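Trainee: I am new to this structure. Please pick the contact between the chains and take me through it closely, with the salt bridges as well.

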Protein chains: 2
Amino acid sequence: MNTNTPNYRSECPLSTALDVIGDKWSLLVVRDMCMGKARYGDFLSSPEGIPTNILANRLRRLEETGIVEKKPYQIKPLRYEYFLTTKGTDLLPVLQQLAIWAHKHVPECGTPPDWFLDAKPDDLVKNH
Amino acid sequence: MNTNTPNYRSECPLSTALDVIGDKWSLLVVRDMCMGKARYGDFLSSPEGIPTNILANRLRRLEETGIVEKKPYQIKPLRYEYFLTTKGTDLLPVLQQLAIWAHKHVPECGTPPDWFLDAKPDDLVKNH
DNA sequence: TAAGTCACTTGTATTTTACAAGTCATAAGC
DNA sequence: GCTTATGACTTGTAAAATACAAGTGACTTA
């Protein structure tokens, strides 16, 4: 018996994507992982200032939806680092297009770095 | 004196994009306009079931941010149709990448139509 | 033994979203 | 002329998501 009910708003893939990662913070956590951040404190230190309870909740949800997986980096006390799965790195084109759009149309915002725009999902896979 | 304070979370273009269109409904309204919908009732009839007050609010915000513009289609009583500006049609690559991602990674969701995946922002410009 | 670090959790306030109902201008039918 | 219908909303209130401040637990270091 399935305990979790995804219950998407419709069968439209765009709508479904937004149901999974269409909140205020998820894609910013994914962005941080694209940039090599891996630990709780790394994510908290980003300039947007995600609240700590929201971060804990988003890491849990991203793991439940298979976008992120965690690996222990020490055992006393047990602590984890978080990495993108293939499902997670495949969000890179979404992030790139959002950044391109804002850079083109929102004058107040910064310039995305070239390495980011040129990157491909495979480039983000951790080698260890 | 500037009355509206955009106040984005950071200068990161991704973060800025999410501050503008990163809510639960905005991109679905943009999607509807990509599909040729233009009137209040058209948007309400989409399968996701946007609440009417949220729709009114999103149309106003999308217009204020220059993503959408409205044109009257009758004068008694005065009624408007809503269309994407260039800033709006340039969101198409974002929608496409989100749809591609969900189609690849979320098994329950539907298949995006070829015309949608093949479309380019210029194709969406209204000719009248 | 005391203070510090890291990764959280808990409690409550604020903001956003949801749902139901009502309004307003006008048109259409009887 | 009066009632019903239509389209595009607004208003009121409930529910859910997010924000902020503070606290907890397992250690490590001084």
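Mentor: What follows goes from the symmetry to the contact, and then to the salt bridges. This is a predicted model, in which local features need pLDDT of at least 70 and side-chain atom pairs count only at pLDDT 80 or more, while totals for chains, interfaces and linings use all residues. Residues are numbered from 1 along each chain as its sequence is written, chains are lettered from A and ligands numbered from 1 in the order in which they are written, and side-chain values use heavy atoms, with hydrogens and water left out.

Chain A superposes on chain B by a rotation of 180 degrees with 0.0 Å of shift along the axis, at an RMSD of 0.0 Å (a least-squares fit on the C-alpha atoms of residues with pLDDT of at least 70 in both). The two copies are therefore related as by a two-fold rotation axis. They also meet through the same surface, because 100% of the interface residues of chain A are interface residues in chain B too.

Chain A gives 45 residues to the contact and chain B gives 45 residues, where contact means heavy atoms within 4.5 Å. Between them about 3,800 Å² is buried, and carbon and sulfur atoms give 73% of that area (the accessible area, 1.4 Å probe, that two parts lose on being put together, summed over both). Of the area that chain A buries against chain B, 20% comes from A:Arg9, A:Leu14 and A:Trp101, more than from any other three residues.

Polar contacts join 12 residue pairs between chain A and chain B, both residues being at pLDDT 80 or more. Such a contact is a pair of N or O atoms within 3.5 Å; within protein, one must be able to donate a hydrogen and the other to accept it, and residues adjacent in sequence count only if both atoms are side-chain atoms. On the side of chain A that touches chain B, the elements giving two or more residues are H1, H2, helix H5 (86-89) and H6 of chain A (helices are DSSP runs of H or I, at least four residues, numbered from the N terminus). The largest share, 11 residues, comes from H6(A). The residues of this side divide into 25 nonpolar, 10 polar and 10 charged.

Two salt bridges cross the interface of chain A and chain B, each being a side-chain nitrogen of Lys or Arg within 4 Å of a carboxyl oxygen of Asp or Glu. One of the pairs between chains is B:Asp90 with A:Lys104, whose closest N and O atoms are 2.9 Å apart. B:Asp90 lies in the loop between helix H5 (86-89) and helix H6 (92-105) of chain B, and A:Lys104 in helix H6 (residues 92-105) of chain A. B:Asp90 is buried, at a relative accessible area of 15%, whereas A:Lys104 is exposed at 56% (buried is under 20%, exposed over 50%, partly exposed in between, with a 1.4 Å probe and protein chains only).

Over all chains there are 16 salt bridges. Within chain A, A:Arg61 pairs with A:Asp23 at 3.5 Å between the closest N and O atoms. That pair links distant parts of the chain, 38 residues apart: A:Arg61 is in helix H4 (residues 52-64), and A:Asp23 is in the loop between helix H1 (13-21) and helix H2 (26-34). A:Arg61 is partly exposed at 32% relative accessibility, while A:Asp23 is buried at 15%.

Definitions and conventions
Nonpolar A, V, L, I, M, F, W, Y, C, P; charged D, E, K, R; others polar.
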